[in-house]
Every structure is written in C-alpha cells, then in structure tokens.
Amino acid sequence: MKTLLKNIGCLQTPVGSNSHTGAAQGENVKYMNAAVVMEDGIIKEIFEDGKLPEGNFDAEYDADGCLVTPGLVDGHTHLIFGGYRQHEVAMKLKGADYLDILRAGGGILDTVRKTRAASKEDLYIKSASFLDEMIGMGVTTVEAKSGYGLDLENEIKMLEVIKDLNDRHMVDVVSTFMGPHAIPPEYEGRGDEYIDMVIDEMLPVVKEKNLAEFCDIFCEDSVFNAEQSRKYMTKAKEMGFALKIHADEIEAIGGSELAGELGATSAEHLIAITESGQKALAAGGVTAMCLPATSFYLGKTFAPAREMIEKGTPVAMASDFNPGSCPSLNLQFCINLGCLKYKMTPEEVLTAVTINPACGIGRGDKVGTVEPGKQADLVIWNAPDFEMVCYRFGSNMVKRVIKNGEIVDRRRKTR
Ligand code: NIG
Ligand code: FE
C-alpha cells in the first residue's frame with residue numbers, strides 16, 4: 001500500500017532516533033509546502049517547496065495547507081482500571097489530600113478492588129474505548145501499566161489486556177509491569193514482604209509470559225521506600241526488564257537518585273525533585289517523564305522541566321491518565337501546560353510529546369519523528385503552526401490522524 005499526504009502547509013518534526021536535551025530539545029525542522037510518501041506503513045520520502053513525487057498511489061490525502069507533526073507519544077498511562085473515583089472530588093473539597101485518601105484505604109486501593117472485580121473482557125472494552133479517544137486526539141503510541149491488581153492473578157489479567165490492546169487496537173501499546181504500585185490490603189504494614197512476593201512470585205511469571213518490557217514502582221513516602229525500590233529494581237534489571245520509577249511526586253525520598261544509579265530508562269513525576277536528583281538523572285541519561293496535568297489536577301507545583309533541560313536531561317511529557325491523580329487522557333492539555341507552566345518553547349514541547357517520550361519507552365528508532373524509515377504515524381492539525389496548538393486549549397485541535405500510512409477511520413479502530 002503506497003500513500004501520499006500532500007498540501008502540507010508546514011511539516012514540523014524533531015529528527016533522529018535519540019532523545020534531545022539542552023539546546024537540542026528545541027530543535028525541530030520545518031518543511032514548508034511539503035508532501036510525505038508512505039509505503040506499507042513506513043515513511044519513504046519527504047518533499048518540500050511544492051515539489052511532488054511522480055507515480056501512482058493507492059490513496060492520496062490532502063492536508064489542506066495545515067500543520068503536520070509526528071503522531072504524539074503518551075509515555076506514561078495507567079490505562080487499564082475498573083470503575084472510577086469521582087467521589088474523591090467531594091473528599092478533596094473537604095480537605096483530604098491524595099496520600100490521606102490512600103492511607104485511609106481509598107485512592108489506588110479503591111481502584112484495586114474494582115479492577116479485581118472486573119472481567120478481562122470488560123477491562124478490554126473500557127480501555128480500547130480510551131484508546132479510540134486518544135488516537136482521535138493525535139496519540140498514536142501509548143505506554144500502559146499494570147498496578148491495580150496487586151496479586152498475581154490480577155496483575156497478569158491487566159498485562160494480558162495490555163497485550164490484547166497492542167495486538168488488536170491501531171494504537172501501539174508498550175507494556176509496563178507495576179506490581180509495586182501500592183501495598184495491597186492483604187499485606188498492610190508488611191511492605192517488605194510484599195516486595196519479596198513481587199520479586200519471587202510475580203516477576204518470573206511476567207518474564208516467562210513475556211508480558212512487559214518495563215518494570216515500574218511507586219517510590220513515595222508511605223508507599224515504597226528507596227531501599228524497597230532498590231531491591232525490586234535491581235532484581236528486575238537482572239532479569240532483563242528495562243526500568244521506570246515513580247519518583248519525587250510528593251516527597252523526594254531518593255527515587256531520582258536511584259533512577260540515575262540503576263540506569264532507568266525514565267523517571268516519572270519529579271514534582272519535588274532536588275538538586276541531587278536532577279544531577280543523577282542527567283548523569284544517568286534518564287528521561288524525565290513529566291506529568292503536568294497531574295500537577296494541575298492535584299493542585300501541586302510543577303516539575304522544574306526548564307531547569308532539567310538546561311542540566312542536560314531529556315524532558316518528555318505524558319498524560320499519566322489514571323482514575324485518581326489525573327482522570328484526563330488529553331495530551332494536548334499537557335502541550336498547553338508545557339508552555340504555560342514549564343515555560344518550554346513550542347519546539348521544546350513538540351520534542352517532549354514525540355521523540356523524547358518515544359525514547360523513554362524504548363521506541364525512538366520506530367516513532368517520534370517524521371523521517372524516512374520511521375513508522376508512518378502523523379497528525380494533521382486544524383492549525384497553521386504548532387504555536388496555535390500550544391495556544392488554544394480545551395478543544396481537540398486534531399483534524400485527521402494517519403496511522404501506519406493510512407488515514408484513521410473515524411469509526412473502526414480495532415482489528
Ligand atoms: O502516577 N502516583 C502513583 N500512581 C498514579 C496514580 C494512581 C491512582 O491514583 O490511581 C500516578 O499519579
Ligand atoms: Fe503514574
């Protein structure tokens with residue numbers, strides 16, 4: 001199947017397969033009056049200045065003079081979950097904060113109860129519809145975590161849903177095991193024993209069934225401490241998993257330092273990151289997966305993304321879509337917050353939602369830029385330039401999405 005996307009007003013993209021940092025975070029190329037040739041799902045050639053390829057195409061798409069960028073990459077989501085937690089809004093209005101709710105057996109543990117009770121089929125249908133919504137908003141690759149099962153059977157159930165989504169839905173889904181997301185009620189007060197059980201009983205099954213590329217842990221005050229995190233991550237690394245860590249979200253208890261030391265692929269949240277944490281990320285080449293919509297929703301401060309860029313850390317932004325701390329899957333809102341709150345330029349922001357998260361989930365060689373040889377995932381925007389996407393907020397600015405070289409049908413997105 002050979003396709004052509006023509007009449008692109010501006011094609012804006014970072015280049016290369018590696019993450020961008022420092023001044024390079026803001027380097028995008030802009031091809032004006034461009035066209036892109038795609039074959040069998042891969043980008044073949046880019047034309048600019050009104051030039052067009054010769055020959056026939058199975059389909060020709062017209063961008064109507066609009067902006068085109070790479071498909072967006074959402075590098076951090078908790079996409080699979082039972083139920084919702086809308087009742088927490090009223091609790092928060094009365095003054096309860098995120099960790100208070102969790103300590104009282106709610107929060108993540110509430111979603112654990114609902115996820116354990118849900119069938120695999122129900123979880124699939126629900127999360128596939130989230131992916132439909134995401135691709136309609138320009139997201140063509142997503143990372144998804146387990147972490148609401150917290151026992152072997154239910155963690156595997158979640159990971160199998162993630163695998164089915166990747167097999168059957170158009171959106172590419174990268175899988176992360178997050179058994180240590182919270183201490184389950186059966187292990188209350190016995191965090192060390194839970195970590196040992198995760199290491200001895202869960203990790204080998206996840207490995208044997210090949211259900212995850214990454215392992216993640218919530219390293220936080222009153223969840224898992226730095227020593228427990230170190231033990232789990234060291235074992236996961238030995239077993240061949242790549243590492244992620246929820247670090248410094250509320251309290252800085254050493255998570256970023258651990259990420260740097262153990263060579264994690266990414267560290268997540270980083271709202272409370274310290275100077276030494278920032279140095280560790282930069283030295284370890286760890287992607288800073290910043291989650292600005294979570295800061296917004298929790299009413300917290302924003303991660304020091306600008307400082308981290310300047311210190312040499314690749315900054316990515318992701319939705320953190322989950323039923324508690326960020327019930328929004330709108331990565332375009334993160335784009336707005338990237339400019340408004342992180343003080344990043346539009347070019348830095350585009351890098352932070354394309355190539356940098358792609359590298360942060362091990363997909364930098366396949367997606368994240370519009371270049372020959374990359375997967376043909378593109379977004380056509382209802383906008384003349386990316387500044388417009390950064391500026392308008394609350395509306396879906398996507399006109400059409402191209403996935404694997406073909407325009408996405410507005411109705412059918414699963415195989
Ligand atoms: O990344 N912080 C830990 N985990 C999720 C929230 C999960 C939840 O509240 O259900 C996060 O924000
Ligand atoms: Fe998260």
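**Exercise 1. Which residues lie nearest the centre of the largest pocket, and how many residues line the pocket?**

Before we start: this is a predicted model, where local features need pLDDT of at least 70 and side-chain atom pairs count only at pLDDT 80 or more, while totals for chains, interfaces and linings use all residues. Residues are numbered from 1 along each chain as its sequence is written, chains are lettered from A and ligands numbered from 1 in the order in which they are written, and side-chain values use heavy atoms, with hydrogens and water left out.

*Solution.*
- Step 1: get the term straight. On a 1 Å grid over the protein atoms alone, a pocket is an open set of points with protein on both sides within 12 Å along at least five of seven lines, and a cavity is a set where a 1.4 Å probe fits but cannot get out; lining residues have an atom within 4 Å of a point.
- Step 2: list the lining. There are 14 residues, with Leu102, Arg103, Leu109, Ile183 and Glu188 nearest the centre.
- Step 3: place it. Helices α2 (98–103) and α3 (108–117) each give the lining at least two residues.
- Step 4: add the volume, which is about 270 Å³ (the space filled by probe spheres set on grid points joined across faces, edges and corners).

**Exercise 2. Find the cavities of 30 Å³ or more and describe the largest.**

*Solution.*
- Step 1: count them. You should get 3.
- Step 2: take the largest cavity, with about 90 Å³ of space.
- Step 3: look at its walls. Of 14 lining residues, His78, Tyr98, His181, Asn322 and Ser325 lie nearest the centre.

**Exercise 3. Work out which residues hold the iron ion (ligand 2).**

*Solution.*
- Step 1: pick the donors (N, O and S atoms within 2.8 Å of the metal, or 3.2 Å for Na, K and Ca; water is not among the atoms, so sites may look incomplete). They are His76 (NE2), His78 (NE2), His246 (NE2) and Asp320 (OD), at 2.1 to 2.4 Å.
- Step 2: write their spacing in sequence: H-x1-H-x167-H-x73-D.
- Step 3: place two of them. His76 sits in the loop between β6 (72–74) and α1 (87–93), and Asp320 in the loop between β14 (315–317) and α12 (331–340), so this pair ties together parts 244 residues apart in sequence.
- Step 4: check burial (buried is under 20% relative accessible area, exposed over 50%, partly exposed in between, with a 1.4 Å probe and protein chains only). His76 is buried at 0%, and Asp320 is buried at 1%.

**Exercise 4. Show how covered helix α8 (residues 255–262) is, and what covers its buried residues.**

*Solution.*
- Step 1: recall that helices (H or I, at least four residues) and strands (E, at least two) are DSSP runs, numbered from the N terminus.
- Step 2: count. In α8, 6 of 8 residues are buried: Gly255, Ser256, Leu258, Ala259, Gly260 and Leu262.
- Step 3: find the neighbours. These buried residues pack against β10 (218–219), α7 (226–238), β11 (242–247), β12 (266–269) and α9 (275–284) (contact is heavy atoms within 4.5 Å).
- Step 4: step past the end. Gly263 follows α8, with a positive phi near 70°.

**Exercise 5. Compare Asp49 and Ser222, looking at phi and exposure.**

*Solution.*
- Step 1: read phi. Asp49 is near 55° and Ser222 near 60°, each positive in a residue other than glycine.
- Step 2: locate them. Asp49 is in the loop between β3 (42–47) and β4 (59–62); Ser222 is in the loop between β10 and α7.
- Step 3: read exposure. Asp49 is exposed at 53%, whereas Ser222 is partly exposed at 42%.
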